[in-house]
Amino acid sequence: MLSKTLSYGLYGIDGFPVLVEADISNGLPAFDIVGLGDTAIKEAKERVKSGIKNSGFEYPTNKITINLAPADRKKEGTLFDLSIAVAILSASGQVKINENYIFIGELSLDGTVRGVNGVLPILISAKSNGYKKFIIPEKNLKEAGFISDIEIYAVKNLKQVISFLNGEFNISTIECSNFQDALKSDNNISEDFANVKGQASAKRALEIAAAGGHNVLMIGPPGSGKTMLAKCFPTILPDLSFEESLEITKIHSVVGQLDYNKGIITKRPFRTPHHTASQISITGGGQNAKPGEISLAHNGVLFLDEMPEYSRQTLETLRQPLEDGKITVSRANMTVTYPANFTLIASMNPCPCGFYGSKNGECRCTPAQIHKYLSKLSGPLMDRIDLHIEVDSVSFSDLNDKTVEESSSVIKERVNKARDIQLKRFFSSNIYSNAQMNHAQTKKFCALSKDSEELLETAFNNLKLSARAYDRILKVARTIADLDGELCILPQHIAEAIQYRSLDRKYWV
Amino acid sequence: MYTDKEKALIWLSLFDFLNAKKIEDILSLYTLPEQMLIEIKDPIKDIVGEENFSKMKDSFDINLLNSYIRSLDEGNIKCVTCFSEDYPQKLLDLYQPPHILFCKGDVSLLKTKCFAVVGSRVPTSYGRTVTSTFTKGLSENGFTIVSGLAMGVDKIAHETTLENGGKTIAVLGGGFNHIYPAMNQNLAKNIENNGLIVSEYRPSVRPSAYNFPVRNRIIAGLCEGILITEAGEKSGALHTKEYALECGRDVFAVPGNVTSQKSIGTNRLLKSLQSALVMSYNDILDYYSISPIKNKKSVKQLTFDEQIVVNLLKQESMSLNDLLIKSGMEIKNLNSCLTTLQINGLIKKLPGNEYMFSGQ
């Protein structure tokens with residue numbers, strides 16, 4: 001009276017196979033689940049019991065023991081419900097399992113199979129482990145459709161599963177969805193640079209940032225459109241590739257932020273955690289080491305509005321992920337590495353009241369207040385932000401202007417071209433954008449002509465730039481040259497790059 | 001190195017409870033100040049009180065005083081007392097001239113032709129512009145610029161002078177060991193090397209709110225005139241003005257926008273006819289009958305684009321957006337243009353993304 005079914009558990013954004021063993025033996029009626037399950041798994045008893053009963057099957061009135069192997073590994077979630085139910089029914093002889101199916105799904109009391117989080121990462125891991133056949137909730141059908149070369153059966157309820165396994169009912173495997181179609185179908189217009197009036201300099205800087213993968217800090221008085229500009233930023237980033245999209249979807253699937261109707265994420269994520277967000281919510285963590293905002297922003301944009309308002313500690317935790325593109329979250333239970341390759345866009349006011357240097361209002365902050373405000377941004381953090389731009393407040397005439405602004409798609413084309421140049425340049429190295437160059441690579445790829453070098457030197461002397469600006473300027477100049485399609489960095493590229501280092505300039509306070 | 005007279009004053013500077021008035025009272029008890037090093041007269045008790053008097057008596061030790069002077073020497077601090085040759089006589093115009101000045105840097109600057117530039121600690125961009133252009137003009141024409149090493153106008157005045165190779169004096173409201181605000185630490189170092197920092201207080205004295213208005217009298221006393229570029233209703237610069245008027249110095253003020261909070265102080269000054277209205281540094285030079293030096297900077301050939309930008313900025317300072325619209329240039333070209341012009345010193349960037357013409 002022993003039966004085994006297969007299921008999959010989640011560890012971070014990867015899955016691991018779980019063997020569900022059910023044993024029905026003589027004794028007083030009891031139901032025990034062993035194998036380090038969390039509360040959700042302990043409660044599966046009730047769901048499974050009612051689910052079996054209400055689907056018209058017989059619930060064995062014997063002693064039932066369920067073991068989730070490997071038994072020394074912690075497991076969580078409701079996705080084992082289905083496999084437990086099938087194992088019990090198989091142990092009691094009501095169904096025969098002939099093949100190696102992997103069962104994933106939560107059971108409702110009436111026997112319906114409900115959708116669960118993390119189906120996509122499970123399918124990806126299971127596929128690479130050589131598993132071929134899956135039974136998943138119908139609700140997760142869309143996200144599963146993007147994995148090819150495996151047999152996936154989407155089911156509605158427990159009854160369907162059992163009749164399918166007994167060969168009384170045929171479910172066809174789901175059809176593979178096409179990523180390109182999904183990309184195209186997702187064309188609801190959200191933000192567009194065409195809707196942003198004026199702000200030419202900020203737009204230009206964001207174009208450079210998109211082209212070179214640079215992080216940006218926008219400084220400007222309240223109401224100058226910093227947030228709007230940031231929201232438009234993802235629209236000029238290059239289209240997602242299928243692999244990138246899967247990476248994003250995996251993370252979102254694990255935390256249950258995936259839209260069941262879409263199945264896959266086709267837009268670069270734009271995450272805007274509020275400045276009261278805790279350090280853990282930004283980096284990821286908690287008892288089960290869940291991914292945080294920076295991982296959810298993977299391959300997209302993390303927008304920190306009013307950057308100095310974030311706690312110092314929170315900001316400093318961004319340093320390592322900004323460098324490595326990933327974050328390792330360690331907890332007592334588990335240590336997980338999540339990808340966190342995002343573009344940081346931050347915005348801030350020039351001073352606490354917001355009007356320092358503005359024409360529209362008078363600043364009433366004391367110098368000490370301004371200094372304190374600015375010193376929230378530590379040197380090492382500023383080192384990772386290549387572009388600082390000042391955003392002016394917008395006048396009414398600008399807003400009322402009837403001229404047609406460049407649309408995001410036009411800018412995107414230029415960005416794509418510049419990205420192609422970079423991909424070719426970094427073909428042999430393991431980076432793909434100018435922003436990721438290390439010091440040695442900067443030296444190699446940003447060689448300056450004599451003119452450019454002279455210009456940079458006089459600029460450093462006359463404009464009192466700080467030393468940390470040097471590499472940043474070179475990288476940004478490289479991107480500007482790429483946008484121009486130039487092989488060498490010309491003096492005008494350097495000159496433009498210097499414009500984007502306003503915080504290094506000493507006139508500030 | 002110091003005479004006994006001077007040593008006596010250095011000794012007196014060790015006591016925080018002595019201000020200029022009390023020191024004067026104590027000195028009047030002695031026919032020769034150097035006697036103080038031999039005998040501490042009992043009537044001092046009436047001036048400083050019993051407790052302080054016993055403190056003074058206890059701490060008196062000529063060896064200790066000598067080692068203190070040595071430590072000052074090691075710190076390159078020079079004491080200019082009212083008995084020394086370096087002491088600027090113009091300070092005696094003050095109601096209570098300082099008896100001792102701790103100096104770091106070029107002491108001879110005290111006797112040069114000085115001019116004070118003071119104003120708000122949080123100037124507007126207008127205040128910044130005005131301060132830097134006036135300071136530049138004045139220092140180029142031979143004035144030593146005196147200010148108080150505070151934030152804002154003071155800082156700009158010092159910095160602009162140093163940038164243009166002029167001489168500047170900073171008068172502190174505390175001892176040298178406690179530069180206030182701490183942000184100006186580097187600036188103080190810079191002034192020490194290329195100018196002079198002066199304080200009435202010994203190096204270990206912490207700055208206190210009370211000391212700042214008091215030091216303003218030294219700024220006023222050192223200068224032929226003072227210029228207030230921008231001052232709000234309760235600006236400290238108005239203290240300096242009081243002292244300046246008291247000791248017969250000329251007071252100049254730059255008018256501001258009547259709607260601006262930051263110009264209420266200066267505008268009121270002008271309205272009450274306490275100061276002369278100046279519109280450019282030439283007005284001040286005219287007043288002192290100084291003919292301005294003609295600047296012979298080699299003119300660099302500007303590109304076509306650069307010329308457009310310069311012509312626009314010559315009319316008025318404007319924001320990047322306005323420049324973009326008025327010049328009709330592409331943003332990338334405009335940006336690189338602005339950098340080269342800034343490097344050449346023809347234009348200047350102001351906070352808030354504004355640019356102004358700063359060349360000749």
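In this predicted model, the C-alpha centres of domain 2 and domain 3 of chain A lie 22 Å apart. Let's start with how chain A is divided up, and then look at two contacts.

The domain assignment splits chain A into domain 1 (2-165), domain 2 (193-435) and domain 3 (437-509).

**Between domains of chain A**

Where domain 2 of chain A meets domain 3 of chain A, the contact takes 25 residues from domain 2 and 17 residues from domain 3. Which elements of chain A each supply at least two residues of the domain 2 side? They are α8 (200-212), α15 (367-374), β18 (387-390) and α18 (408-425) of chain A. Among these, α18(A) gives the most to that side, with five residues.

**Between chains**

Chains A and B also touch: 28 residues of chain A and 29 residues of chain B take part in the contact. On the side of chain B that touches chain A, two or more residues each come from α14 (320-327), α15 (331-343) and β11 (347-350) of chain B. The largest share of this side, nine residues, belongs to α15(B).

**What the two sides are made of**

Here is the make-up of each side by residue class.

| Side | Nonpolar | Polar | Charged |
|---|---|---|---|
| Domain 2 of chain A, touching domain 3 of chain A | 13 residues | seven residues | five residues |
| Chain B, touching chain A | eleven residues | 14 residues | four residues |

With the structure in view, you can look for α18(A), which gives five residues to the domain 2 side, and then for α15(B), which gives nine residues to the chain B side.

How values were computed:
Residues numbered from 1 in each chain as written. Chains lettered and ligands numbered in written order. Predicted model: local features only at pLDDT ≥ 70, side-chain atom pairs only at ≥ 80, totals over all residues. Contact = placed C-beta atoms within 7 Å. Helix = DSSP H or I, 4+ residues; strand = E, 2+ residues; numbered from the N terminus. Nonpolar A, V, L, I, M, F, W, Y, C, P; charged D, E, K, R; others polar. Domains from an automatic or database assignment.
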